[in-house]
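Visitor: Got a minute to walk me through this one? I'd like to start with some helix packing and then jump around a bit.

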Amino acid sequence: MQSGYTSITSLSSASNFIARFSEKTTITFRTYIQPREFGQLQIKFWHSNTVDSTWADGSESNASDQGGHWRIESCFIADGGQQPDGSIVAGTERPLTFAGSPSKDVRPGEQFWSDASAIHVPDGHFLAFSWAITLDGLSEGLPFNTETLLASAFEAVGDAAKQASADGYEGAGNRQVLPSLIAYEKTTSKQLVFLGDSITQGVRTEKDGYAFWAAKIAASLGTDTGVWNIGSGWARAYDLVEDSVWLSKALHGDEVILCIGVNDVGTANRSAEQLIADLTTIISLLTSQKPGLVLWLCTLPAFNFAGEQETVWRTVNNWIRSDAANSVSGVFDIAAVLGQAKPNDQLLRPEFMSPHNDPHPNGLAGTAVADAFLAWYNN
């Protein structure tokens, strides 16, 4: 992260999938972002053309897979208005360029910054980010995040990044295509990074509601604290242990909140010993690569585990609360906030369930976790 800049939003833009098209294709991706501040803003973006975390069983995309060759045809920020409907406020569009050029050819694994551009976003309005991207066939992939969308997003065939109307734009479904970091010029006292899986990302909470716990913590802390959410759906601890581009992002924080391991237990069926070994490695990598880093470790959230998975969950959480606590700045017991009373503390409280009995914490849970975290963090 460049000095003097911080993330404009608490929305995560981590990537966990790769888009491929059978023939040469140009698509404009337009996303509506709730900024942490309004008014006159100086904005630029940084991007890493690499997948952050593994999706599902890893058969389609894995952590640190490189994106292919693709081209940014044009890129604009604009006042998105009060209702994210695919349009922008005419006349407010401002180009984001690349060393003065309106377009850029992106190489596999490349990391790069755009130039800065100034824009005014009125109170209560969205910031609209639009970029037109060309991919040339199945061999060239574009990293993005596929999950239940937390921000309104639209897509249009061709280069419609500057277009003010919603003509030709359709809802993006489960495809969020954003730069890794949309930053604005801001002096902050510290940078706080949220590193985790879908529970940190906020999956299943209300679209455009910013009801997930990381967003509510960010709102309460205020803009003097920079916040970068890099939570990623389906992520697991082992995504962070070997030459991880995702982990390197976290090193831009002065403080890191690490909440990961649920998918190691529930999706990857790893043993307690394997997960403890990975968490130990992550702690060591973060603290050794950035001396002075403040690392807050969370227990594994309650996630309705049963049988052997419940045993692993309990073993790892006992380790986090005891042995791991000696290696980090502090342990936040998110499991105790989300879980039912013992002996059923591995089960999410019913009022915190997402629709259809999904154990991803809902917006009510986001408030409970944020309140508990802030009381603990500020103590």
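**Helix contacts and two cysteines**

Guide: Sure. In this predicted model, Trp213, Lys216, Ile217, Ser220 and Leu221 of α2 meet Gly363, Gly366, Thr367, Val369, Ala370, Phe373, Leu374 and Tyr377 of α8.

Visitor: How do the residues of that α2 contact with α8 divide into nonpolar, polar and charged?

Guide: There are 8 nonpolar, 4 polar and 1 charged in the contact of α2 with α8.

Visitor: And at what angle do the two axes cross?

Guide: Roughly 45°, with the axes of α2 (residues 213-221) and α8 (residues 363-377) coming within 8 Å. That angle is why α2 counts as oblique to α8.

Visitor: Left-handed or right-handed crossing for α2 and α8?

Guide: Right-handed, as α2 passes α8.

Visitor: OK, other pair. How far apart are the axes of α5 and α6?

Guide: They are 9 Å apart, and the helices, residues 272-289 for α5 and residues 307-321 for α6, pack at an angle of about 35°. The crossing of α5 past α6 is right-handed.

Visitor: Which residues meet there, between α5 and α6?

Guide: From α5 you have Ala272, Leu275, Ile276, Leu279, Thr280 and Ile283, and they meet Val312, Thr315, Val316, Trp319 and Ile320 from α6. By class, that contact of α5 with α6 has 9 nonpolar residues, 2 polar and no charged ones.

Visitor: Switching topic: how many disulfides does a search of the whole structure find?

Guide: The search comes back with 0 disulfides. Take Cys259, which is in no disulfide: the nearest cysteine sulfur belongs to Cys298 and is 4.3 Å away.

Visitor: Why is there no bond from the sulfur of Cys298 to the one in Cys259?

Guide: Because the 4.3 Å from the sulfur of Cys298 to its closest cysteine sulfur, in Cys259, is too far for a bond. The cut-off for a disulfide is a sulfur pair within 2.5 Å.

Visitor: Are those two buried or exposed, Cys259 and Cys298?

Guide: Cys259 is buried, at a relative accessible area of 0%, and Cys298 is buried too, at 1%.

Visitor: Last thing, where is Lys162 placed?

Guide: Lys162 is in the loop between β12 (153-157) and β13 (170-171).

Visitor: What is Lys162 in contact with, leaving aside neighbours within four places in sequence?

Guide: With those set aside, Lys162 is in contact with Arg30, Phe76, Ile88 and Glu93.

Visitor: And what distance separates the C-alpha atoms of Lys162 and Ala14?

Guide: That would be 25 Å, for two residues 148 apart along the chain.

Key
Residues are numbered from 1 along each chain as its sequence is written. This is a predicted model: local features need pLDDT of at least 70, side-chain atom pairs count only at pLDDT 80 or more; totals for chains, interfaces and linings use all residues. Side-chain values use heavy atoms; hydrogens and water are left out. Buried means under 20% relative accessible area, exposed over 50%, partly exposed in between (1.4 Å probe, protein chains only). Axes are lines fitted to C-alpha atoms, for helices over the stretch in contact, and angles run from 0 to 180 degrees between N-to-C directions. Helices (H or I, at least four residues) and strands (E, at least two) are DSSP runs, numbered from the N terminus. Angles under 35 degrees count as roughly parallel, over 145 as roughly antiparallel, 65 to 115 as roughly perpendicular and the rest as oblique. A crossing is left-handed if the near helix is turned anticlockwise from the far one by less than a right angle, and right-handed if clockwise. Contact means heavy atoms within 4.5 Å. Ala, Val, Leu, Ile, Met, Phe, Trp, Tyr, Cys and Pro count as nonpolar, Asp, Glu, Lys and Arg as charged, and the others, Gly among them, as polar.
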